[in-house]
Amino acid sequence: MSQMVDNLPVLIGQNGPLNGHKWPVEDSITIGRDINCEIVIPDRQVSRFHARLTPETRGMLLEDLASKNGTFCNGTRIIEPIYIQDGDMIQIALIQHFVFLSSDSTMPVDFDQPEKILQTGLILDQRSRRVWINGVEVTPPLSVPQFRLLEILYKQQGKVVSRQDLILYIWGEEEALGVSEQALDALVRRLRDRLAGVNPDHQFIVTIRGHGLRLDNPNK
């Protein structure tokens with residue numbers, strides 16, 4: 001593996017045995033349990049040759065190598081090879097998470113042990129798509145819709161965000177027309193459940209009937 005160079009895409013280990021390790025992706029990288037892989041995860045849940053990342057002219061290609069326990073991108077198991085985007089979360093089986101950044105030069109200097117996770121209340125890092133409550137990280141990572149819902153409320157914390165603005169931000173203009181109120185309600189319930197798994201004593205997402213939602217973030 002070549003020495004890390006600015007402007008190369010980078011893969012960063014999170015929430016697993018490789019937490020905090022970084023790999024620049026200059027050439028094809030194989031992830032697996034076999035010692036011949038570029039990224040070795042020594043766990044029986046991981047297949048010998050589990051997944052592969054390949055830089056191509058169109059972008060970064062992620063493929064599962066017929067693994068037993070699956071390769072996931074943003075919480076969804078991949079079947080066919082896909083092109084991943086900046087900030088995507090990659091999960092290998094149930095044991096190791098990675099975040100993909102399109103350039104090492106854009107990685108926050110405090111990514112490994114950000115001081116902000118020591119703060120009280122809810123902390124959201126947009127770059128890494130990580131969330132902490134009173135210093136405890138929400139794991140596994142939130143799904144993309146869950147994170148986007150929390151992200152817009154976090155950006156405007158203390159303010160009420162209308163349901164229509166929430167739907168547009170989460171699903172985008174093209175898909176928003178087909179999104180029902182029930183779909184948003186279900187997403188809100190799932191996110192509340194995820195946050196309650198870390199702190200069941202506080203309701204972070206508050207419904208303001210007839211208006212929308214707001215984030216109630218203590219000490220913010």
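A residue counts as buried when its relative accessible area is under 20%, as exposed when that area is over 50%, and as partly exposed in between. With those cut-offs in hand, two backbone oddities in this predicted model can be placed. N134 has a phi near 50°, a positive value in a residue other than glycine. Its relative accessibility is 42%, so N134 counts as partly exposed. N134 sits in the loop that links β13 (130–133) with β14 (136–137).

A93 is the other case: here phi is positive too, at about 55°, and again the residue is not a glycine. The loop in question runs between β10 (89–92) and β11 (96–101). A93 has a relative accessible area of 0%, so this residue is buried. In short, a positive phi turns up at a partly exposed position in N134 and at a buried one in A93.

Stepping back to the whole protein, the fold is built from three helices and 17 strands. Of the 220 residues, 45% are buried. Looking at contacts with a separation of 6 or more, 44% come from residues 24 or more positions apart. The accessible surface adds up to about 11,600 Å², and carbon and sulfur atoms hold 47% of that.

Among the helices, α2 (residues 163–176) is the one to look at on screen. It has 14 residues, yet its end C-alpha atoms are only 11 Å apart, whereas a straight helix at 1.5 Å a residue would reach 20 Å. There is a bend of about 85° in α2, located at I170. I170 is also one of the buried residues of this helix, along with L166, I167 and A176. As a rule, an α-helix has 3.6 residues a turn, so residues three or four places apart point the same way. The cover over the buried residues of α2 comes from several elements, including the helices α1 (144–155) and α3 (181–196) and the strands β15 (161–162) and β17 (212–215).

As for internal space, searching the whole structure turns up three cavities of 30 Å³ or more. The largest cavity holds about 50 Å³. Its lining draws on several stretches of the chain: Q14 and N15, then M89, then R129, R130 and V131, and finally E137, V138, P141 and L142.

Methods. Residues are numbered from 1 along each chain as its sequence is written. This is a predicted model: local features need pLDDT of at least 70, side-chain atom pairs count only at pLDDT 80 or more; totals for chains, interfaces and linings use all residues. Side-chain values use heavy atoms; hydrogens and water are left out. Helices (H or I, at least four residues) and strands (E, at least two) are DSSP runs, numbered from the N terminus. Buried means under 20% relative accessible area, exposed over 50%, partly exposed in between (1.4 Å probe, protein chains only). Contact means heavy atoms within 4.5 Å. Accessible areas come from the Shrake-Rupley method with a 1.4 Å probe; for residues, only the protein chains shown count as cover. The expected span of a helix is 1.5 Å times one less than its number of residues. The bend at a residue is the angle between axes fitted to the seven residues ending there and the seven starting there. On a 1 Å grid over the protein atoms alone, a cavity is a set of points where a 1.4 Å probe fits but cannot get out, and a pocket is an open set with protein on both sides within 12 Å along at least five of seven lines; lining residues have an atom within 4 Å of a point. Grid points are joined across faces, edges and corners, and a volume is the space filled by probe spheres set on the points.
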